[in-house]
Amino acid sequence: MLSVPSGVASWEGRWFERVDVHGPEADRHPEFGPCWLWTGRAGADGYGRFDRAGETTTAARAGWEIALGEQLPKGYGVRRYACTRRLCVNPEHGRPWIASEDIDNDRILARWNATHDYCVAGHALTHENRITIPAGVGCRACRHEVEVERAKRRRRR
Ligand SMILES: [Zn+2]
Ligand SMILES: [Zn+2]
């Protein structure tokens, strides 16, 4: 679980100031704790926005970067799976997502999996579901979903 960093002037501190961590229960996966509702500015699409170092990013992405301790690589977004609330920025409710979905080589996803009991997509990382992938710890259920998606795409062609 995240804690508020001590440096008040840091961007992480500014981010936490705009978050209500006592939001409603997650509507899809209540076991992942309450929603953290963004009280700052939102875009026309209904998602929170956060300004940092002269750049605007989504509030959910900034939260994920705090949880991860580093910036998400270019091209990543955060997709919610535990709830359907656009203003929710609880890192536990979303997963970093990249269009290529190359999960076997995804260092970010592997790092999350290594330190959690459930994968970035919310599957329980039981002994049977936990697999070794080139990037580290992988999730069998995720890989299966990606393979199903790929097969669908191939059939469409
Ligand atoms: Zn949520
Ligand atoms: Zn998974």
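**Entry 1: C88 and the core around it**

I began with C88 and listed its contacts, leaving out residues up to four places away in sequence: C88 touches G23, C35, W36, L37, R80, C83 and H93. I note that the model is predicted.

I then looked up the largest nonpolar core, which has 18 residues. C88 is among the residues with the most contacts inside this core, together with C35, W36, A59 and V89. I asked which elements give two or more residues to the core. They are β2, residues 37-38, and α2, residues 59-68. The largest share, four residues, comes from α2.

Apart from this core I found another, of eight residues. I103, A110, W112 and C119 are among its members. I recorded beside this that nonpolar side chains tend to be buried together in soluble globular proteins.

**Entry 2: W38**

I located W38 in strand β2. Is W38 buried or exposed? I counted 27 other C-beta atoms within 10 Å of W38; the cut-off for a buried residue is 20 or more, so W38 is buried. Beyond four places in sequence, W38 touches R18, V19, G48, A59, L87 and V89. I also checked W38 against E17, which is 21 residues away along the chain; their C-alpha atoms are separated by 9.5 Å.

**Entry 3: V21 and L68**

I placed V21 in the loop between β1, residues 19-20, and β2. V21 has 15 C-beta neighbours inside 10 Å and therefore counts as partly exposed. From V21 to G48 I read 27 residues in sequence and 15 Å in space, C-alpha to C-alpha.

I placed L68 in helix α2. L68 counts as partly exposed because it has 14 C-beta neighbours inside 10 Å. For L68 and E31 the separation is 37 residues in sequence and 21 Å in space, C-alpha to C-alpha.

**Entry 4: the β3-β4 hairpin**

I examined strand β3, residues 49-52, and strand β4, residues 55-58. The two strands run antiparallel and are joined by four bridges. R52 stands opposite E55 in β4. β3 and β4 form a hairpin with two residues between them. In the turn, I noted that A53 has a positive phi of about 50°.

**Entry 5: helices α3 and α4**

Which residues of α3 are buried? In this helix, residues 107-114, I found L109, A110, W112 and N113 buried. Seen down the axis of α3, the buried residues fall within an arc of 160°, so they line one face of the helix. Of these residues, A110 and W112 also appear in the core of eight residues.

I turned next to α4, residues 140-156, and compared its span with expectation. At 1.5 Å a residue, its 17 residues should span 24 Å. The end C-alpha atoms of α4 are 25 Å apart, which agrees. I then asked how many of the 17 residues of α4 are buried. The count is one, and α4 is hardly covered.

**Entry 6: domains**

I took the domain bounds from the domain assignment of the chain, which gives domain 1 as residues 11-99 and domain 2 as residues 116-156. The C-alpha centres of domain 1 and domain 2 lie 23 Å apart.

Notes
Residues numbered from 1 in each chain as written. Chains lettered and ligands numbered in written order. Predicted model: local features only at pLDDT ≥ 70, side-chain atom pairs only at ≥ 80, totals over all residues. Core = buried A, V, L, I, M, F, W, Y, C linked by C-beta atoms within 7 Å. Buried ≥ 20, exposed ≤ 12 C-beta atoms within 10 Å, placed from the backbone. Contact = placed C-beta atoms within 7 Å. Expected span 1.5 Å × (residues − 1). Domains from an automatic or database assignment. Arc of directions from axis to C-beta. Pairing = 2+ DSSP bridges.
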